[in-house]
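Q: Hey, got a minute to go through a ligand site with me? I'd like to start with what sits around the ligand and then move on to the pocket.

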Amino acid sequence: MSLDISKIRQDFPILNQSIYGKPLAYFDNGATTQKPQVVLDTINHFHNSINANIHRGVHKLSEESTKAYEEARETVRSFINAKKSSEIIFTSGATASINLVAFSFGETFVHEGDEVIVSEMEHHSNIVPWQMLCERKKAILKVLPFDNNGELILSKLDELITPKTRILAVTHVSNTLGTVNPIKEIIAKAHQHNVPVLIDGAQGVKHGVIDVQDLDVDFYAIAGHKVYGSTGIGVLYGKENLLNEMYPWQGGGDMIATVSFEKTTYNELPFKFEAGTANFIGAAGLATALEYYKSIGVEAATDYETELLNYATSKLKAIEGVRIIGNAKHKAAIISFLIENIHPYDTGMILDKMGIAVRTGNHCTQPIMAHYGIDGTVRASFAFYNTFEEIDRLVEGVKKVKEMFG
Ligand code: PLP
C-alpha cells in the first residue's frame, strides 16, 4: 500500500510553517513525534466536554471519562496484542514504565549478589533505574556489548547469563544508532535460562507491528509522545503473573483496596500500579494516535520510513567527510552522523537556520559515545510525514555546512 504523503501532511498542522523563512523540515522524531489533528481534537474535546476525574465519581461526566480511559486501555491492548487489558498500565512515559519495573520487580525478585543485564546501547532511562536498583540491593549490573557496526554481540549473552541473573533489559530500537535488535531471539535465549526480559519500546513502537504475545516479552515500555500521542502519557505492558507478584511502585489513591493505619491492601491489576489521578486525557489522546497510526498502516509507514532512511544514508555517505555512526544491517529510520572536523552542535545550528530540525549531542546515550570515542552526533530521525525533498534539503544543508567550515 503506498502512502499519500501530501494528504498525510495535512493532518499535522505544525508541519505547515516556516522557520527563519524556510519551510520546516522536522527530523527530530526520535525525540518526539508531531501530533495529528485528530489527537489534538480528542484532547480538546475531552477538556471542553467530558473532563472529570475517573473511577471516583457516580456523576455522568466521571462515568464518561472513566469509560474513555478504559476504552483507551483496550485500544492499547489491541494495538500490541496483549492478552488482557489488565496487563496494560498507564504511566507518564517510557522512563516511568522502566522505573516502575526496576523498582517493583527489583523489590520483589532482586537480592544481594543477584545480577541484572542491560546492553551497552541503552538510553540512560534503561540504565540508571537498574543501576539505582543494584546500588539499593547490592546487586551487580552487567553489560551486553555491541560491535562497531552497532549490533549487539549476542554470543556474549550466554557468557553473561548465570543462575544469578534476575532480569535482562534491552532496547528494541536504539535511539542513537537506529539498530533494530532481534528482540524475539534475545527473549527466547533469556527464557531458556528462565530470565525475564524488559524491552524498552520507546522507539520500537513506532517501528512495525508489535505483538507482545508473539514476542513472549515479559515487559514492554512505551512513550506516547513518540508515537503521535501527547507528552506525559506512557504504557507499561507486563505479563499478568509477574505484575501480580510484584510489590506496588507508588502509593496513593486508586492503587489501594482498603486503607487503615494497621494495614493497607492493594487494588487488582492494572490499578495496583496506577497511584493518583491518571493522565486520562493523555490516554484518550494516545488511543486516538494509535487508531490514526493504524489507519495510515503500520507496515506501510515502516516501509516508507525505511525508504527514506536508505535514501538519506546513500546521499549522506556520498559526501566526503561524512561518517555514519551505526551501520547495523537492520535499522529503523534514525541516522546519526558526523562531518569531519565539525562539531555536531555547529552543524545543528546551521541546519536550523535553514529550517531543518535535527538533534545534536549524546542523545542520552553516553555509553554509546564512549564506545566510539566521540562527544555527540547529529541525528536525523524520520516519520511517515517526511519527504524525499526534505532529505534533499538536509543533504544540501550538510554540504553547505562543510563549505562554511571548510
Ligand atoms: N528509551 C529510548 C530508546 C528513548 O529514545 C527514550 C527517549 O528518547 C526513552 C527511553 C525515554 O522516553 P521518555 O523520555 O519519553 O520517557
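Q: So how does the shell around the ligand split by class: how many nonpolar, polar and charged residues?
A: This is a predicted model, just so you know. The shell has 8 polar residues, 3 nonpolar ones and 2 charged ones.

Q: Which residues are the closest to the ligand?
A: T95, D200, Q203, H225 and K226 are the closest, out of 13 residues that surround the ligand.

Q: OK, polar contacts. How far is the polar side-chain atom of K226 from an oxygen atom of the ligand?
A: That distance is 2.6 Å. Q203 also uses its side chain, with an N or O atom 2.7 Å from a ligand oxygen.

Q: And what does A94 bring, backbone or side chain?
A: Backbone: a polar backbone atom of A94 is 3.3 Å from an oxygen atom of the ligand.

Q: How much of the ligand does the protein bury?
A: The protein buries 85% of the 390 Å² that the ligand exposes when taken alone.

Q: Switching to pockets. Which pocket does the ligand take up?
A: The ligand's space is the largest pocket, with a volume of about 320 Å³.

Q: Which lining residues are closest to the centre of the largest pocket?
A: G30, H123, N175, Q203 and K226, from a lining of 24 residues. By class, that lining has 13 polar, 7 nonpolar and 4 charged residues.

Q: Where does the largest share of that lining come from?
A: Helix α4, residues 94-109, which gives 3 residues.

Terms used: Residues numbered from 1 in each chain as written. Predicted model: local features only at pLDDT ≥ 70, side-chain atom pairs only at ≥ 80, totals over all residues. Heavy atoms only, no water. Near = heavy atom within 4 Å. Polar contact = N/O pair within 3.5 Å; in protein donor to acceptor, adjacent residues only side chain to side chain. Areas by Shrake-Rupley, 256 points an atom, 1.4 Å probe, with all protein chains shown as cover. 1 Å grid on protein atoms, 1.4 Å probe; cavity = no way out; pocket = protein on both sides within 12 Å on 5 of 7 lines; lining within 4 Å. Sits in = over half its atoms within 2 Å of the grid points. Nonpolar A, V, L, I, M, F, W, Y, C, P; charged D, E, K, R; others polar. Points joined across faces, edges and corners; volume = space filled by probe spheres on them. Helix = DSSP H or I, 4+ residues; strand = E, 2+ residues; numbered from the N terminus.
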